[in-house]
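Welcome! Here is a short guided look at a protein model for someone meeting it for the first time. Please keep the structure in view as you read.

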Amino acid sequence: QGTGALFRIRLAGGSAPCTYLSPQDPRPLCHPAIDRALQLSGAGGPPHVRLTVEWDTSTKERLFGSLQEEAVQDAESVRRQQQAHGQQHSCTLDECFQLYTKEEQLAPDDAWRCPHCKVPQQGTVKLSLWTLPDILIIHLKRFRQVAEQRHKLTTLVRFPLRGLDMAPHVAQRGQPGGQLRGRW
């Protein structure tokens, strides 16, 4: 108190080369540079910024002693947040189809009323492929919607150039002449 600024807060990795925030400001994170950095933050969890605190040397030594290591490791909560929102590095096209055609339980508020007993029933929904065209075009999802923000997916999808077996993903119809071609 009364000794001047003990430290300076710098926005690390922002679009501007060196943006300092004022520690005396009652709301130092309400700054246009912070807003720009949040908009540019990529995958790895919710929107986030990295701040660097630059201490006055004598104040830092008085408060913390002589630290050998200048960089402070991320807190456990930061690592958990990154793991929770992390993306797997790669998957196969077959895994994508398995997720697409997986049966899902509907939410309780999406219940349907049974016509016989008139009691709301919680149902399931399953998407199935009924037929396959001669030429199959696959459009993969490139963005993930989180609240009102979109994050670009960086997951690599491995796919075969020949011999793609679609038979496990095509619905089994009990028609005698309805053999579907599953091998591509």
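## One side of helix α1

This is a predicted model, and helix α1 is a friendly place to begin. On the face of α1 turned away from its buried side you will find the exposed residues P32 and Q39.

Now turn to the other side. Helix α1 runs over residues 32–40, and its buried residues are A33, I34 and A37. These three sit on the same side of α1 because they cover an arc of only 100 degrees around the axis. What covers them? The cover over the buried residues of α1 includes three strands: β1 (7–12), β2 (19–21) and β3 (50–55).

## The chain as a whole

Stepping back, the protein chain has four helices and 11 strands. It counts 184 residues, and 15% of them are buried.

How far apart in sequence are the residues that touch? Take the contacts between residues at least 6 apart in sequence: 52% of these join residues at least 24 apart.

## Two nonpolar cores

The largest nonpolar core is made of seven residues. Its members are C91, L93, F97, L129, V157, L164 and M166.

Another core, of six residues, lies apart from that one. You have already met some of its members, for A33, I34 and A37 are among them, together with I9. The three named from helix α1 are the buried residues of that helix.

## Cysteines without a bond

How many disulfides does the model hold? The count is zero, with a disulfide taken as two cysteine sulfur atoms within 2.5 Å. C96 is in no disulfide: its nearest cysteine sulfur belongs to C91 and is 3.8 Å away. That distance is beyond the cut-off, because a disulfide needs the two sulfur atoms within 2.5 Å. C117 is in no disulfide either, and the nearest cysteine sulfur, that of C114, is 3.6 Å away.

Are these two cysteines buried or exposed? C96 counts as partly exposed, at 24% relative accessibility. C117 is partly exposed too, with a relative accessible area of 42%. C91, the neighbour of C96 in this search, is a member of the largest nonpolar core.

## Around the rings

Which residue lies over the face of F143? That place is taken by R150, at 4.4 Å from the ring centre. As for rings pairing with one another, the structure holds zero aromatic pairs.

Note on methods. Residues are numbered from 1 along each chain as its sequence is written. This is a predicted model: local features need pLDDT of at least 70, side-chain atom pairs count only at pLDDT 80 or more; totals for chains, interfaces and linings use all residues. Side-chain values use heavy atoms; hydrogens and water are left out. Rings of Phe, Tyr and Trp (its six-membered ring) pair if their centres lie within 6.5 Å; planes under 30 degrees apart count as stacked, over 60 as edge-to-face and the rest as tilted. A charge sits over a ring if NZ of Lys or CZ of Arg is within 6 Å of the ring centre and within 35 degrees of the ring normal. Buried means under 20% relative accessible area, exposed over 50%, partly exposed in between (1.4 Å probe, protein chains only). Helices (H or I, at least four residues) and strands (E, at least two) are DSSP runs, numbered from the N terminus. The arc is that of the directions from the helix axis to the C-beta atoms. Contact means heavy atoms within 4.5 Å. A nonpolar core is a set of buried Ala, Val, Leu, Ile, Met, Phe, Trp, Tyr and Cys residues joined through side-chain atoms within 4.5 Å.
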